[in-house]
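Biologist: I've got the model open and I'd like to go through it piece by piece. Could you walk me through it?

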Amino acid sequence: MFDEYGIPQGANLDEAALSKLYHFVYCSRAAEGVDDAEVCRIVETAQRNNLVHGITGVLVFGSGVFFQWIEGPAAEIQKLIATLHRDKRHHDIVSLSQSEEERERLYPNWDMEKVEAEDIRLVLQDAFESAEDKNNRVALKRILKQLDLGALGRV
Ligand SMILES: Cc1cc2nc3c(=O)[nH]c(=O)nc-3n(C[C@H](O)[C@H](O)[C@H](O)COP(=O)(O)O)c2cc1C
């Protein structure tokens, strides 16, 4: 547990540099008429704003469904969450995970990166398998079912 100098193992100077990071992961359904060009505009705005507010993350768009991971200072993420809820370009926002922890960023170099989803089902299935929260699993299962029924397919 302690090394020869009496310092607890695992403790290192880098850890002191870790700061609190808030993350929010959700999926939502794109509004009627939201196409790739609109998603490009969303990503451009996101990159511009996120850089200023210390937010990084990824945005996946496929089959009429958005999946987004955002991480950054808690106050900034909370403000963005409120903005996202007001944005008419999507609806049915389902929160999959959010918390504040001391850890490194998952996407330190991406102000907002659009990740191609040949099949967004794989992304959601992956999230479903790693989701620990029961409510998240239920929400994801519902979305996966809708995908399978073709209820979300517009793109
Ligand atoms: C699916 C989706 C994801 C978005 N992601 C971000 C984001 O990461 N950062 C951001 O600033 N705006 C994002 N937006 C846009 C915001 O809802 C809002 O339109 C924008 O922040 C307004 O910025 P402006 O005042 O500079 O025009 C997103 C919108 C949608 C529909």
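Biologist: Leaving out residues up to four places away in sequence, which residues does Ile-70 touch?

Modeller: Two ground rules first: residues are numbered from 1 along each chain as its sequence is written. This is a predicted model, so local features need pLDDT of at least 70 and side-chain atom pairs count only at pLDDT 80 or more, while totals for chains, interfaces and linings use all residues. A contact here is two C-beta atoms, placed from the backbone, within 7 Å. On that basis, Ile-70 touches His-23, Phe-24, Ile-55, Gly-57, Ile-77 and Leu-80.

Biologist: Phe-24 is on that list. Why is Phe-24 called buried?

Modeller: Phe-24 is found in strand S1 (residues 20–30); strands are DSSP E runs of at least two residues, helices are H or I runs of at least four, and both are numbered from the N terminus. Buried is 20 or more other C-beta atoms within 10 Å of a residue's own, exposed is 12 or fewer, and partly exposed is in between, with C-beta atoms placed from the backbone. Phe-24 is buried because its number of other C-beta atoms within 10 Å is 22.

Biologist: And how far is Phe-24 from Gly-72, C-alpha to C-alpha?

Modeller: Along the chain those two are 48 residues apart. Leaving aside neighbours within four places in sequence, Phe-24 is in contact with Ile-70, Ile-77, Ile-81 and Gln-98. The C-alpha separation of Phe-24 and Gly-72 comes to 9.2 Å.

Biologist: How many bridges join S1 to S3?

Modeller: Strands pair if DSSP finds at least two bridges between them. S1 also has S4 (residues 90–102), antiparallel over 10 bridges, where Tyr-22 stands opposite Glu-100. With S3 (65–72), Cys-27 is bridged to Phe-67 and Tyr-26 to Gln-68. S1 and S3 run antiparallel, and the bridges joining them number 8.

Biologist: What about the other side of the story: which residue in the turn of the S2 and S3 hairpin has a positive phi?

Modeller: S2 (56–62) runs antiparallel to S3, joined by 7 bridges, and Val-58 has Trp-69 as its bridge partner. The hairpin leaves 2 residues between the strands. With a phi of about 50°, the residue in the turn is Ser-63.

Biologist: Where is Asp-92, which has a positive phi too?

Modeller: Most residues other than glycine have a negative phi, and most peptide bonds are trans. Asp-92 has a phi near 50°. Asp-92 is partly exposed, because 15 other C-beta atoms lie within 10 Å. Its place is in strand S4.

Biologist: How many residues of S3 are buried?

Modeller: Across the protein, buried residues make up 25% of the 155 residues. S1 is mostly covered, with 9 of its 11 residues buried. S3 is mostly covered too: of its 8 residues, the number buried is 7.

Biologist: Which elements each supply at least two residues of the largest nonpolar core?

Modeller: A nonpolar core is a set of buried Ala, Val, Leu, Ile, Met, Phe, Trp, Tyr and Cys residues joined through C-beta atoms within 7 Å. The largest has 22 residues, and those with the most contacts inside it are Cys-27, Phe-66, Ile-70, Leu-96, Leu-124, Leu-140 and Ile-143. The elements each giving at least two residues are S1, S3, H3, helix H4 (120–130) and helix H5 (134–148).

Biologist: On to the ligand: which element gives the most to the shell around it?

Modeller: The shell has 16 residues, the closest being Ala-46, Asn-49, Phe-66, Asp-87 and Arg-89; a residue is near if its C-beta atom, placed from the backbone, lies within 6 Å. Helix H2 (36–53), S3 and helix H3 (74–86) each supply at least two of them. With 5 residues, the top contributor is H2.

Biologist: Last one: what do the buried residues of H2 pack against?

Modeller: H2 has 18 residues and reaches 25 Å from first C-alpha to last, close to the 26 Å expected, which is 1.5 Å times one less than its number of residues. Ile-42, Ala-46 and Asn-50 are buried in H2, and Gly-54, with a positive phi near 70°, follows H2. The buried residues of H2 pack against strand S2.
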